[in-house]
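User: Could you take me on a close walk through one part of this model? I'd like to start from a single residue and see how its surroundings fit together.

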Amino acid sequence: MSTITSPDAAYTKALLRHFSDLRDGTHGEAVSRQDKEDLFRAAADLLEPYARQALNEVNEVLMLGQGTVESSGIGRSPDTGLIYSWTLGWAEQRAAGIPPITIHAYYGRGFHHPHLRGGTVKEWPLNVFTPEQAAQELPILRAIASAEIHNLVFLSDFTIVPSSKPGTTTSTR
């Protein structure tokens with residue numbers, strides 16, 4: 001069994017920044033929609049190499065290098081928000097008439113701040129048979145836990161998270 005990592009773990013800091021934004025009505029230091037869109041553009045550019053890396057890794061191992069990774073660049077979504085997408089397409093996927101593997105950075109028109117999402121993600125495979133394989137699932141488990149608390153906040157509001165309440169001093173940067 002692994003030990004609990006530092007409370008300064010990147011994924012918990014990201015959640016604290018998220019809940020601070022909700023509490024303070026900001027996104028980073030931005031308040032206006034235009035300033036938040038500018039931050040979104042910068043964030044999407046920062047994510048570009050990592051989104052490509054993730055998709056290229058899948059391409060090399062699972063698609064045997066036969067796929068193509070593409071990015072959309074920043075554009076307007078149907079709701080007039082902003083979207084930046086990265087996709088991995090391959091011959092069998094196209095022949096099956098299904099969408100490519102997709103990662104979206106999305107700032108919907110009615111959103112307080114941007115989000116990441118997949119094209120179809122809901123379930124993760126669980127094929128764990130050894131302690132080493134279980135430990136390797138930690139990044140996925142963190143992603144699931146982060147997505148869960150984010151979605152639970154949508155069902156209520158950010159005040160269900162004790163560390164996000166006004167007057168709480170928790171490092172988010």
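Analyst: Happy to. Let's start with Glu37, which, setting aside neighbours within four places in sequence, is in contact with Arg76, Leu82, Tyr107 and Arg109. Please keep in mind that this is a predicted model. Glu37 belongs to helix α2, a helix that spans residues 33–62. Is Glu37 buried or exposed? Its relative accessible area is 3%, and because the cut-off for buried is under 20%, Glu37 counts as buried.

The contacts of Glu37 lead straight into the strands. Take Leu82 and Arg76, two residues that Glu37 touches: Arg76 stands opposite Leu82 in β3. Leu82 also stands opposite Tyr107 in β4, and Tyr107 is another of the contacts of Glu37. So that you can place these strands, β2 covers residues 75–76, β3 covers residues 82–89, and β4 covers residues 101–107.

Now to the pairing itself. Strands β3 and β4 are antiparallel, with 7 bridges between them; one further pair of partners here is Ile83 with Tyr106 in β4. β2 is joined to β3 by 2 bridges, again in the antiparallel sense. These two strands form a hairpin with 5 residues between them. β3 also pairs with β1, antiparallel and over 4 bridges, and there Thr68 has Gly89 of β3 as its bridge partner. On the other side of the story, β4 is linked to strand β5 (residues 115–118) by 4 antiparallel bridges, with Ile103 partnered by Gly118 in β5.

How covered are the strands that Glu37 reaches? In β3, 7 of its 8 residues are buried, and in β4 the count is 5 of 7. Both are described as mostly covered.

That brings us to the packing. The largest nonpolar core has 13 residues, and Phe40, Leu55, Tyr84, Trp86, Leu88 and Ala105 touch the most other members. Helix α2, β3 and β4 each supply at least two residues of this core. Apart from it lies another core of 5 residues, including Leu15, Val153, Phe158 and Val161.

Tyr84 is a good residue to follow out of the main core. Beyond residues up to four places away in sequence, Tyr84 touches Phe40, Ala44, Asp45 and Glu48, together with Ser71, Ser72, Gly73 and Ile74, and also Ile103, His104 and Ala105. From there, step across to Ser72, which sits in the loop between β1 (68–71) and β2. Ser72 is in contact with Ile83, Tyr84 and Ser85, leaving aside its neighbours within four places. The C-alpha atoms of Ser72 and Ser85 are separated by 5.3 Å, although their positions lie 13 residues apart along the chain in the sense of sequence separation. With a relative accessible area of 49%, Ser72 is partly exposed.

Two backbone angles in the loops deserve a look from anyone checking torsions. Most residues other than glycine have a negative phi. Thr80, in the loop between β2 and β3, instead has a positive phi near 70°; this residue is in the turn of the hairpin described above. Thr80 is partly exposed, at a relative accessible area of 42%. Leu64 also has a positive phi, near 55°. It is placed in the loop between α2 and β1, and its relative accessible area of 62% makes Leu64 exposed, because the cut-off for exposed is over 50%.

Finally, let's step back to the whole chain. There are 5 helices and 5 strands, in the order α-α-β-β-β-α-β-β-α-α. The C-alpha atoms fill a box of roughly 55 × 45 × 25 Å along the principal axes. Of the 173 residues, 29% are buried, and the accessible surface comes to about 11200 Å², with 60% of it belonging to carbon and sulfur atoms. Among contacts between residues at least 6 apart in sequence, 49% join residues at least 24 apart. As for charge, there are 15 positive and 19 negative side chains, and the centres of the two sets lie 6 Å apart.

Key: Residues numbered from 1 in each chain as written. Predicted model: local features only at pLDDT ≥ 70, side-chain atom pairs only at ≥ 80, totals over all residues. Heavy atoms only, no water. Buried < 20%, exposed > 50% of the residue type's maximum accessible area, 1.4 Å probe, protein only. Contact = heavy atoms within 4.5 Å. Pairing = 2+ DSSP bridges. Areas by Shrake-Rupley, 256 points an atom, 1.4 Å probe, with all protein chains shown as cover. Lys, Arg positive; Asp, Glu negative; His and termini not counted. Charge placed at Lys NZ, Arg CZ, Asp CG, Glu CD. Core = buried A, V, L, I, M, F, W, Y, C linked by side-chain atoms within 4.5 Å.
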